[in-house]
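Thanks for coming. I would like to go through some salt bridges and one helix. Please have a look at the slide before I start.

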Amino acid sequence: MGTARFILIAEDKGSLRRALAKDLSIENEFKTTEAASLREAGELLSAQDVRFDAVILDLGLQDGDVLAWCMKLQQQRHKVPVIILIGGSNDPDITAAFDFGANDYVAKPVHPTELLARLRAQLRIFDNREDAVLKIGLWEFYPSAKLLQGHPTHRRPIRLTQKEAEILKLLYHAGAKSVSRSVLLDKVWGYSSAVATRTLEAHIYRLRRRLEVDRTECRLLLTAPNGYRLQAMCQPTVDIYG
């Protein structure tokens, strides 16, 4: 099984919010965090020790301008897909949501299969966007271009191999949790063997040499009991208020 994707659900109706969280968590494909207001969602997005792969955002939240909030979120350098929940198939609401940066919408009452399909589609699109940029420590990682750049002590970008980029993307999407060697082997190489395990270790070694400023100490890419993980400080901070 692959690593779970982290989803923020911002919905003020507790019963619906909990139902959505339950529906998305059934097969362990997603891990959800709930927010009952825009302010709570903003605080969660701004926390340094967590990050999210997508946001499900109720258009009817009452503690602020939801569309302006959505636009500000999408103006951040490290964007995430946003799926808007609307009260019905109201064309003006849908048009405005897209104009303000929403990636998709689902009309209430929400059907779990439709939400799952739209969420998966948006994550696939986002992962393959040419301008997708993931923050890893002081590095900016461009998965599509397989580039690391932006570190203040490295003027030139570092080009990764396809396998290195895939490993780094899997570790990033796992957050601060470890990814087992078996999952990395399955997702990156498609099989598991003693030879592949040594190959994985060689790729991890090269990734560390690229990521770590001090090569005598691992600060970003850590070894875990069953695999590898990125340090929690690697996760991006989203300033939704500033």
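By salt bridge I mean a side-chain nitrogen of Lys or Arg within 4 Å of a carboxyl oxygen of Asp or Glu. The model is a predicted one, with local features needing pLDDT of at least 70 and side-chain atom pairs counted only at pLDDT 80 or more, while totals for chains, interfaces and linings use all residues. Residues are numbered from 1 along each chain as its sequence is written, and side-chain values use heavy atoms, with hydrogens and water left out.

The salt-bridge rule gives a count of 10. I will take three of them.

One is between E164 and R210, at 3.3 Å from N to O. E164 sits in helix α6, residues 162-173, and R210 in helix α8, residues 194-211, so the salt bridge ties together parts 46 residues apart in sequence. Helices here are DSSP runs of H or I with at least four residues, strands are runs of E with at least two, and both are numbered from the N terminus. Are the two partners buried or exposed? For that, buried is under 20% relative accessible area, exposed is over 50%, and partly exposed is in between, using a 1.4 Å probe and protein chains only. E164 is buried, because its relative accessible area is 0%. R210, at 23%, is partly exposed.

Next, K108 and D58 form a salt bridge, with the closest N and O atoms 3.1 Å apart. This pair links distant parts of the chain: K108 is in the loop between β5 (104-107) and α5 (112-127), and D58 is in strand β3 (residues 54-58), 50 residues away. D58 is buried at 3%, and K108 is partly exposed at 22%. Both residues also belong to a salt-bridge network that links E11, D58 and K108.

The third is K13 with D12, where the closest N and O atoms are 4.0 Å apart. K13 has 49% relative accessibility and counts as partly exposed. D12, at 29%, is also partly exposed.

Now the helix, α3. Which residues of α3 are buried? In this helix, residues 66-75, they are V66, L67, W69, C70, L73 and Q74. Viewed down the axis of α3, these buried residues fall within an arc of 160°, so they line one face of the helix. The arc is taken from the directions from the helix axis to the C-beta atoms.

At the start of α3, a side-chain oxygen of D65 comes to within 3.2 Å of the backbone nitrogen of L67. L67 is also one of the buried residues just listed.

Methods: A polar contact is a pair of N or O atoms within 3.5 Å; within protein, one must be able to donate a hydrogen and the other to accept it, and residues adjacent in sequence count only if both atoms are side-chain atoms.
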